[in-house]
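Trainee: I am new to this one. Can we go through it step by step?

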Amino acid sequence: MIIHSSNGSEEFTSRSERHQKNLLLRLGRPGNLLRLLLLMMILVLAGSFTITLIYLNSLDSEGISAILPAEDERLNILFMGIDGGILANGARMTGRSDVLILLSIDRVSRDAMLLSIPRDTRVILAGHGEAKINAAHVYGGIPLTITTVTELLEQPIHYYVKLDLQAFQNLVDAAGGVTIDIHQTMQYEDPYDVPPLVIDLQEGQQHLDGARAMQFVRFRDQLGDIGRLGRQKEFVLALMDQVLSFTGIWRLPAIARQAKTSLSSNLSAGSLLSLGYQLLTLTSAPVQETLPGQGINGGAFWLPDTEAIGSLFPPVGDHASLWFSWFTITEHWHDFWADNPLLLILKRDQAPRKEEITITVLNGNGGQGSATRAAENLTKEGYHVISIGDADHYGYAKCLIIYNAAAEGKARVAASSIPGALLQAATADDPESDLVIIIGVDYLR
């Protein structure tokens, strides 16, 4: 397009060039630039939030259904820290619950409590008699642990979160570490732990990465297990502050991605959204409590005070409609989220399906047809059994699931079909199957 200027000269330009020039002039204005930056921040935050929910919506629940709390109940979430499950000879077994912490929220008064349950608490395990509460996970996994805690506290457990030592470190690193004020020098070595445990932390405020955070929560002073419970609760509160801070929110996708691969939980995307809102609107920081009781038998057991436990959970008053409506809306919103085809396409790293898991079944108890029956049961459940045979000996008391390096998730799925089975990493991958399941004497089906 040709335009004649006032002095008679010709300027060659176009509408697009003028439009670009005007746009640059408008963007150069401080107010417009600020609005643009704000819009970009909102879009990035929205994308970050969406990615976070996609990962969290597909957490592995290990088949444990969530229970929606009644209006007159506190919201109770049980956090389980599982030890490595590694014996001195290097063999792997189902881990014990080294850490048990209950987050209990009164949705009316908007206060909360963090209750530590000592791992040596003496309880009666269904079908196993008197034992320490940390053995519940060994004998019956998450279901027995939840049942035992429910009976001990006389409180329903609505949700759970379970992670092991390595998962703990990974999550702390994903959150960018946590700043903690260490009140004493912490030095300890246990060469017999697997792997050997070395703790070396100095007094003062420090920013801890995952490995050093693990040292902080595992350190024992002269009070033993009871002494470290306070530090564990202090760390949980600090980690919550970190995740819910402005900088922590930007790390949510990385945290959620790590959570997807590192922990199991029956918290849905909706319930997590509701929980985050409730934590942000608490009237004060959660009160820290330890299960009432006393040490007996030289500290070998923690004897719970059943009468004092009841006073930790006062009755909940009438719900304010707005408060409970928020919880209900976000919970029921999960149905839409789970069934939305677009979001289903975006999900990644789903828990393995049974038909995708290849299994070799071996007879490890000497019973005639033992491996065949087990293979038939697994096939009926949808697993892909490729071969049956005999183990190296018939002295296996418990079923054993040996998994390839990249098949631990598949082993956890198979373990849900064989209660009480031990998990063990293979020394070398089996090229034919993901899992080798040795049937022990305890397999009764």
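Trainee: In which sense do strand E17 and strand E21 pair, and over how many bridges?

Mentor: Keep in mind that this is a predicted model. Strand E17 covers residues 358–363, and strand E21 covers residues 435–439. One bridge partner of Asn363 sits in E21: Ile439. The two strands pair in the parallel sense, over five bridges.

Trainee: What is the order of the strands in the open sheet?

Mentor: Five strands form this sheet, and the pairing is mixed. Strand E18 (384–390) and strand E20 (422–425) each have a single partner strand, so they stand at the edges. One side of each is therefore left without a neighbour in the sheet. The order is E18-E17-E21-E19-E20.

Trainee: By how many degrees are neighbouring strands of this sheet turned against each other on average?

Mentor: Direction is ignored for this value. The average turn between neighbouring strands is 20°.

Trainee: Which strands does helix H13 touch?

Mentor: Helix H13 spans residues 370–380 and packs on the sheet. Its direction makes about 155° with that of E17. The strands touched by H13 are E17, E18 and E21.

Trainee: What angle does the direction of helix H14 make with that of E19?

Mentor: Helix H14 (residues 408–415) packs on the sheet too. It touches strand E19 (400–403), E20 and E21. The angle with E19 is about 160°.

Trainee: Is Gln232 buried or exposed?

Mentor: Gln232 is found in helix H6, residues 225–244. Its relative accessible area is 5%. Buried means under 20%, so the class follows. Gln232 is buried.

Trainee: Which residue's backbone oxygen does the side chain of Gln232 reach?

Mentor: Start with what Gln232 touches, leaving out residues up to four places away in sequence: Val99, Ile101 and Val217. The side chain comes to 3.2 Å from a backbone oxygen. That oxygen belongs to Val217.

Trainee: What share of the residues of the protein counts as buried?

Mentor: The protein has 14 helices and 21 strands. Its accessible surface comes to about 23,200 Å², with 57% belonging to carbon and sulfur atoms. Of the 445 residues, the buried share is 44%.

Trainee: Where does pLDDT stay under 50?

Mentor: The protein averages a pLDDT of 77, and 73% of the residues score at least 70. Where pLDDT is low, the predicted coordinates should not be read in detail. The model has 13 contacts beyond four places in sequence for one such stretch, and 56 for another. These stretches are residues 1–12 and residues 320–349.

Key:
Residues are numbered from 1 along each chain as its sequence is written. This is a predicted model: local features need pLDDT of at least 70, side-chain atom pairs count only at pLDDT 80 or more; totals for chains, interfaces and linings use all residues. Side-chain values use heavy atoms; hydrogens and water are left out. Two strands pair if DSSP finds at least two bridges between them. Helices (H or I, at least four residues) and strands (E, at least two) are DSSP runs, numbered from the N terminus. Axes are lines fitted to C-alpha atoms, for helices over the stretch in contact, and angles run from 0 to 180 degrees between N-to-C directions. Contact means heavy atoms within 4.5 Å. Buried means under 20% relative accessible area, exposed over 50%, partly exposed in between (1.4 Å probe, protein chains only). Accessible areas come from the Shrake-Rupley method with a 1.4 Å probe; for residues, only the protein chains shown count as cover. A polar contact is a pair of N or O atoms within 3.5 Å; within protein, one must be able to donate a hydrogen and the other to accept it, and residues adjacent in sequence count only if both atoms are side-chain atoms. pLDDT is the predictor's confidence in each residue, from 0 to 100.
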